[in-house]
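Here's a friendly walk through one model, helix by helix and pair by pair. Have a look at it before reading on.

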Amino acid sequence: MALLPSLLTALLVFSYGPGASVGCDLPPNHVLLSRENLVLLNRMSRISPSLCLEDRKDFRFPRATVDGSQVREAQAISVLHELLQQTFNLLLTEHSAAAWNTTLLDQLCGALHRQLEALDTCLVREMGEEGSALAMQGPTLALKTYFQGIRLYLKEKKYSDCAWEVVRVEIMRAFSSTRLLHKRLRNKERDLRSP
């Protein structure tokens, strides 16, 4: 459950600004949902990260996936979608339900679901037929591998409270790493709107 809140934090970072990307207009409440997700994610912390120092792990977040200079515009939406989808999937497990306050978890999952629906529309519009091919390569494949590592870690740690806290913090870091990509998307959109 901690992963989803962190991914939501990432979504919040992606959603600074007008709430649109690469020619795809997201709903006006997209930014508000992202902020709500960040608040929920922070509220979901049940133990202090300092109590879990021995459980820390470097999950090797694939920073190139969110480096605005290395990700093509068409892939940017796919990367954001994959990050949110993987977080959403992680939070829907029975293990996550046991680790978090279910009211907060349900609120977070609902907000993530709404954001994913908006991004689904953008993904189809922006990527069309090439979308499925792009989803299996480069940045999105790296994110799938990253989340698989997180799932294995949780299993090895027997889904302990500390393991979930470490994962929650990790996802928050991953989301904050998306700022460069978001900045590039905003700049690209301004360029598209300029005469």
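Let's start with helix α7, whose buried residues (under 20% relative accessible area, with a 1.4 Å probe and protein chains only) are Pro139, Thr140, Leu143, Tyr146, Phe147, Ile150, Tyr153 and Leu154. Looking down the axis of α7, you'd find these buried residues within an arc of 135°, so they line one face of the helix. That arc is taken from the directions running from the helix axis to the C-beta atoms. Turn to the other side of α7 and you meet Thr145, Lys155 and Glu156, which are exposed; that word stands for over 50% relative accessible area, and partly exposed covers what's in between.

A quick word on what you're looking at: this is a predicted model, where local features need pLDDT of at least 70 and side-chain atom pairs count only at pLDDT 80 or more, while totals for chains, interfaces and linings use all residues. Residues are numbered from 1 along each chain as its sequence is written, and side-chain values use heavy atoms, leaving out hydrogens and water.

Back to α7, which covers residues 138–156. Helices here are DSSP runs (H or I, at least four residues), numbered from the N terminus. With 19 residues at 1.5 Å a residue, α7 should span 27 Å, and its end C-alpha atoms are indeed 27 Å apart. The expected span is 1.5 Å times one less than the number of residues. Just after α7, lysine 158 takes a positive phi of about 60°.

Now for the charged pairs. The structure holds three salt bridges, each meaning a side-chain nitrogen of Lys or Arg within 4 Å of a carboxyl oxygen of Asp or Glu.

| Salt bridge | N to O distance |
|---|---|
| Lysine 157 and aspartate 55 | 3.1 Å |
| Arginine 60 and aspartate 58 | 4.0 Å |
| Glutamate 165 and arginine 168 | 2.6 Å |

Lysine 157 and aspartate 55 link distant parts of the chain, 102 residues apart: lysine 157 sits in the loop between α7 and α8, aspartate 55 in the loop between α2 and α3. Lysine 157 is partly exposed at 32% relative accessibility, whereas aspartate 55, at 17%, counts as buried.

Arginine 60 and aspartate 58 are both exposed. Glutamate 165 and arginine 168 both lie in helix α8, three residues apart, or about one turn of the helix. Glutamate 165 is buried at 2% relative accessible area, and arginine 168 is buried at 5%.

One last stop is arginine 43 in helix α2 (residues 30–43). Arginine 43 counts as exposed, at 52% relative accessibility. Arginine 43 and asparagine 101 are 58 residues apart in sequence, yet their C-alpha atoms are 9.3 Å apart in space.

Conventions. Helix = DSSP H or I, 4+ residues; strand = E, 2+ residues; numbered from the N terminus.
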